Amino acid sequence: MVNEILYSIQNALISGDTEAAEAAAHAALAAGLDAQSILNDGLMRGADIVGQQFEAGEVFLPQLMFSARALKAAMAVITPELKRLGGEGGTGRQGLVVLATIQSDIHDIGKNIVSTLLTTGGFEVIDLGVDVPIKRIISAALDACADIIGCSAMLTTSMPFMGDLIQTLEAMGERRRFKVMVGGASVTPEYAARIGADGTAPNAVQALQLARSLMLN
Ligand code: B12
């Protein structure tokens, strides 16, 4: 039953069917599945499959865009539950995060859900959007006296800019002012450590936990 529901979510994404994706997300919640497993085992798994099909040349950009639309619609259905999991109404102001999808990258579905969970978890978030040059991220963080800089990257070609950002902070003598967390489907803990980031998380719920732990160190 659980697997059937998760498959139906994945299939709705693969076929880029927005209505089916919304219906499957509602069905999953109604069946008592928790929002985090709907996100990780349904939506992100479905996105991975579509991504692999795209990479293999089995589907093309228009299909990828339909899948993205279906993904966003299902995400809207589960977001209230995800917020609850993240600890809605986190007590007081936990810290200030400047968040962005790094330059040359326009993927923002994952970054937006991280932003939502951080906000409901009590963080103030300045979301700079997508394709943001590293100098703009740094100047926004300095201007706002941010505690944390959060960067999202989905393309292997955009990921190195996150390392450039950290090196630029070092060169400016400002590295110690901020914690830097990085994320995105291809970002591993090893990669994060290699570029000198303070941490990464594979999903939005854990991104909130990471941000909370960074504020304690
Ligand atoms: C949807 C999608 C699109 C949509 C994006 C819509 C949007 N508004 O974001 C569209 C159709 C526009 C698109 C375009 C492109 N895409 Co695309 N896309 C995807 C797809 C299928 C899903 C991405 C997604 O939204 N996943 C769901 C979300 C919820 O998961 P997530 O992003 O991983 O986020 C979670 C975690 O990573 C984490 N997280 C995310 N950010 C952060 C940040 C921090 C700080 C932390 C701690 C955690 C964290 O928490 C999130 C929530 O749980 C992926 C495949 C995949 N497996 O990811 C390909 C994929 C990323 N795309 C790919 C490509 C190649 C492209 C294009 C270059 C295609 C083209 N030829 O034009 C363009 C990119 C142009 C550009 N300059 O950026 C490739 C990248 C390959 C690579 N290795 O570099 C992928 C992997 C597909 C593939 N396998 O080939 N894409």
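In this predicted model, helix α3 covers residues 35–55. The helix has 21 residues, and the distance from its first C-alpha to its last is 28 Å, close to the 30 Å expected at 1.5 Å a residue. Helix α3 nevertheless contains a kink of about 25°, centred on M44. Its buried residues are A35, I38, L39, G42, L43, G46, A47 and V50. An α-helix has 3.6 residues a turn, so residues three or four places apart point the same way. After α3 comes G57, with a positive phi near 75°.

**The two domains**

The domain assignment divides the protein chain into domain 1 (2–86) and domain 2 (95–216). Their C-alpha centres are 24 Å apart. In the contact between them, domain 1 takes part with 12 residues and domain 2 with 10 residues. On the domain 1 side, α3 (35–55) and α4 (61–86) each supply at least two residues. Helix α4 gives the most to this side, with nine residues. By type, the domain 1 residues that touch domain 2 comprise six nonpolar, four polar and two charged.

**The parallel strands**

Strand β1 (residues 95–101) runs parallel to β2, and five bridges join them. Strand β1 is also parallel to β3, again with five bridges. Strand β3 in turn pairs with β4 in the parallel sense over five bridges. The table gives one pair of opposite residues for each pairing.

| Strands | Bridges | Residues standing opposite |
|---|---|---|
| β1 and β2 | five bridges, parallel | V97 and V125 |
| β1 and β3 | five bridges, parallel | T101 and S152 |
| β3 and β4 | five bridges, parallel | C151 and V182 |

In a regular strand the side chains alternate between the two faces of the sheet. Strand β2 (residues 123–127) shows such an alternation: F123, V125 and D127 point to one face and are buried, whereas E124 and I126 point to the other and are not. How many residues of strand β3 (residues 148–152) are buried? Five of the five are buried, so β3 is largely enclosed by the rest of the structure. In β3, I148, G150 and S152 point one way and I149 and C151 the other way, and all are buried.

**Residues in the loops**

Three loop residues may be described individually. D131 is found in the loop between β2 and α6 (134–144). Its phi is near 50°, a positive value in a residue other than glycine. D131 counts as partly exposed because it has 15 C-beta neighbours inside 10 Å, a number between the limit of 12 or fewer for an exposed residue and that of 20 or more for a buried one.

C145 lies in the loop between α6 and β3. Its phi is likewise positive and near 50°, in a residue other than glycine. Because C145 has 10 C-beta neighbours inside 10 Å, this residue counts as exposed.

R176 is placed in the loop between α7 (160–172) and β4 (179–183). Is R176 buried or exposed? R176 counts as exposed, because it has 8 C-beta neighbours inside 10 Å. Along the chain, R176 and M215 are 39 residues apart, and their C-alpha atoms are separated by 13 Å.

Methods:
Residues numbered from 1 in each chain as written. Predicted model: local features only at pLDDT ≥ 70, side-chain atom pairs only at ≥ 80, totals over all residues. Helix = DSSP H or I, 4+ residues; strand = E, 2+ residues; numbered from the N terminus. Domains from an automatic or database assignment. Contact = placed C-beta atoms within 7 Å. Nonpolar A, V, L, I, M, F, W, Y, C, P; charged D, E, K, R; others polar. Expected span 1.5 Å × (residues − 1). Bend = angle between axes of the 7 residues up to and from the residue. Pairing = 2+ DSSP bridges.
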